[in-house]
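Here are my notes on the model, as promised. Have it open while you read, and go through the points in order.

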Amino acid sequence: MSPEERITDLPALLEALPSEDRAIAERIFDASATTGRLDPPQEMRPWIEASFGFVDAVREQRIVKVTNRVTLEGTLFNELRASRPLDTGVDLDLERDIEATRGDPFCHPETGTPADAFGRVRGEHSTTASNVAKYDGFHGVVVFDDHNPLRFTPENVSDYVSVGLRWGRKALDADPAARYLFLMWNCLWWAGGSIIHGHAQVTATRNTHYPKVERLRRAALSYAAEHGSNYFADLCRVHEALGLGLPAPDGVRAFASLTPVKEKELVLVGSSLEAEPLRHAVAAALEGYVRELGVTTFNAAFYVPPLASAPEDWSGFPVVVHLVDRGVPSNRTSDMGAMELYAASVVASDPFAVARSLRSGE
Ligand SMILES: [Zn+2]
């Protein structure tokens, strides 16, 4: 593969895959291209040239729509948006804002935060609190020792996840029906984190997993029934065959997604969070995010099979971790609109460029 694949060439890149990879790719993805056209008045030319380089770049715009047929997730990529360089600037104001909030309640969680009814879980680099206004019956916070959420090491991230898992087991002990654990990390306010101090969140829910996780379980099960093959393994294989795979330790696979929910989405797949490789791979991906891609505000979400046996079939369902860049904190324009909420994601960052940047940082 040449080093300069582009997402807007995806239909041709899929065609060029070896036949077995291509057959798997085609049963998961539908990729189609279209051209949007416009006619700018003379008066707009200076502005268009300043914004996009040259007028022909906007006169005809190639758009690729990628749909995951299995999960019905989908993304629209416009070459005009995707051709912009990845923004990797460092925001000095952000560092100042982070420092200005030192001394917040999370800096002294023992007195500044409530404990869960089952107590706190303490790790090497974090401790849990009970969330004051709960999403669900069990809703905890993994409060990092480090105030600055963007300063993390593999050991710290591994500890946060392992503390979240231990919290999940405590919730399960307290209520054997609360078997469905969800871990998330909303880093900084633009990603939904109302408190700057580094923290992740954990919930444990009853009856069924959250609808998006349950929908994925059902989709993967149907896929296995139809094709006799594991959906997640095939999904990784297609991304790797296209050159979207990222370096990962044994037992973990990682890639820049062909159907990102928003900018620069990465997906990591591993067998368990109990083992260190997946936790370290998440840390490495986040380090790449911050160092190579200049991401400062992101969401991380961990899909974990139930912690105790469940009535429904979870066979073949791994741990799936999603990371997504939520843009620039100083930007007043939301990155999500009606398209994202109700139709399909519109994404500017080219997954091929994201994968190249992360691989070059290794
Ligand atoms: Zn703090």
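**Notes on the zinc site, rings and core**

1. Let's start with phenylalanine 182: its relative accessible area is 15%, so this residue counts as buried. The cut-offs are under 20% relative accessible area for buried, over 50% for exposed and partly exposed in between, with a 1.4 Å probe and protein chains only. Tyrosine 210, at 22% relative accessibility, is therefore partly exposed.

2. A word on what you're looking at: this is a predicted model, where local features need pLDDT of at least 70 and side-chain atom pairs count only at pLDDT 80 or more, while totals for chains, interfaces and linings use all residues. Residues are numbered from 1 along each chain as its sequence is written, and side-chain values use heavy atoms, with hydrogens and water left out.

3. Now the metal. The zinc ion is coordinated by Asp104 through OD (listed twice), Cys107 through SG, and His147 and His197 through ND1, at 2.0 to 2.8 Å. Along the chain these donors follow the spacing D-x2-C-x39-H-x49-H. Aspartate 104 sits in the loop between helix H6 (92-100) and helix H7 (109-112), and histidine 197 in the loop between strand E6 (180-187) and strand E7 (199-205), so this pair ties together parts 93 residues apart in sequence. Both aspartate 104 and histidine 197 are buried. Donors here are N, O and S atoms within 2.8 Å of the metal (3.2 Å for Na, K and Ca); water is not among the atoms, so sites may look incomplete. Helices (H or I, at least four residues) and strands (E, at least two) are DSSP runs, numbered from the N terminus.

4. How many aromatic pairs does the structure hold? There are 16, counting rings of Phe, Tyr and Trp (its six-membered ring) with centres within 6.5 Å; planes under 30 degrees apart are stacked, over 60 edge-to-face and the rest tilted. One of them, tyrosine 180 with tryptophan 314, is tilted, at 6.4 Å centre to centre and 40° between the planes. These two residues are 134 apart in the chain, and both are buried. Phenylalanine 182 and tyrosine 210 have ring centres 5.9 Å apart and planes at 75°, so they pair edge-to-face.

5. Last, the nonpolar core (buried Ala, Val, Leu, Ile, Met, Phe, Trp, Tyr and Cys residues joined through side-chain atoms within 4.5 Å). The largest has 92 residues, and Leu10, Trp185 and Leu242 touch the most other members. A second, separate core has 5 residues, including Val55 and Leu80.
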